[in-house]
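Please open the structure in your viewer and keep the selection tool at hand, since the stops below are meant to be followed in order.

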Amino acid sequence: MTPQFKPAAYKNVQPERSLVSARPRLSGHVLTLRDRDGRRRFVKGAPALVATIAIGLFLLTTSASAQERQHAYSEYTYWFDGAFENGHAFSSTVGARNYQLENRYERLMYWKEPFAVRWVFEVVPVALVGDRYTSTGRRAYSYGVGGSPIGAQVNFVHFRRVEPFLTSGGGFLYFNHRMFGTTQQFNFTAQLGGGVQLFTSNRRTAIDLGYKYHHISNANLGNQNPGLDSHMLFVGLSLFR
């Protein structure tokens, strides 16, 4: 009878299978993978190092792509603001009104729970201010345009559908008439406020509701500087891309 034996060279040969290991291990110069049946497969030498680098890059790319999908980096916001009362922290004006339309672009700068920080660039295409400093003493409305290139918004991102936030900014408004009994049509602005964003299920759209304290003055560049402080409520729409 002829003895049967298996050559040692073929001892560790396994049928070819698709490799599905999500966590390859490199020991020395040997890359260890597992196939669909849980059996180990080995790749030796330089190819092991190349395969490890390729898999690592793949996992990093996948993680980065997932993060991109989870956090929208650009936000386009449209607000309507209306004043319901005058404040007096930095001004003495009473009986004035302030209404504005705001177009805001916000860029995500930092995201790590529980905070997300965005840089805010704002354009004000229409500002309607009722000024009491007139020759008749009656409120007269002036139109202005301007913007706020320096701003920030901090969101509290613990909840998925509702995000409270704080916002601030500084900029300018240029009016079609001299304002507040001075010779100045150009005035500076500052604002500080907060609110909530109510997100849709896909987090690509949100309704914004909130309050802000808004200040207008000529920074003492005019012969007088009574300024205008306003308690304002805003409502708007945010689109995330």
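Select aspartate 229 in this predicted model and display its surroundings: leaving aside residues up to four places away in sequence, aspartate 229 touches Glu85, Asn86, Gly87, His88, Ala89, Phe90, Ser91, Tyr213, His214 and His215. Aspartate 229 belongs to strand E11, which covers residues 228-240, and its side chain reaches the backbone nitrogen of phenylalanine 90 at 2.7 Å. Which side chain of opposite charge is nearest to aspartate 229? That side chain is lysine 212, 13 Å away, and aspartate 229, although buried, has no salt bridge.

Next, select serine 148, in strand E7 (residues 140-156). Serine 148 counts as buried because its relative accessible area is 4%, under the 20% cut-off. Again not counting residues up to four places away in sequence, serine 148 touches Val120, Phe121, Glu122, Gly169, Gly170 and Gly171; a polar atom of its side chain lies 2.8 Å from the backbone oxygen of glycine 170. Measure from here to alanine 190, 42 residues apart along the chain, and the C-alpha atoms are separated by 8.6 Å.

Then colour strands E8 (residues 162-175) and E9 (residues 186-199), which pair in the antiparallel sense over 13 bridges; leucine 173 has asparagine 187 in E9 as its bridge partner. Add strand E10 (residues 205-217), joined to E9 by 12 bridges and also running antiparallel to it, with glutamine 197 standing opposite aspartate 208 in E10. Finish at the turn of the hairpin that E9 and E10 form, where 5 residues lie between the strands and arginine 203 has a positive phi of about 60°.

Definitions and conventions
Residues are numbered from 1 along each chain as its sequence is written. This is a predicted model: local features need pLDDT of at least 70, side-chain atom pairs count only at pLDDT 80 or more; totals for chains, interfaces and linings use all residues. Side-chain values use heavy atoms; hydrogens and water are left out. Helices (H or I, at least four residues) and strands (E, at least two) are DSSP runs, numbered from the N terminus. Buried means under 20% relative accessible area, exposed over 50%, partly exposed in between (1.4 Å probe, protein chains only). Lys and Arg count as positive and Asp and Glu as negative; His and the chain ends are not counted. A salt bridge is a side-chain nitrogen of Lys or Arg within 4 Å of a carboxyl oxygen of Asp or Glu. A polar contact is a pair of N or O atoms within 3.5 Å; within protein, one must be able to donate a hydrogen and the other to accept it, and residues adjacent in sequence count only if both atoms are side-chain atoms. Contact means heavy atoms within 4.5 Å. Two strands pair if DSSP finds at least two bridges between them.
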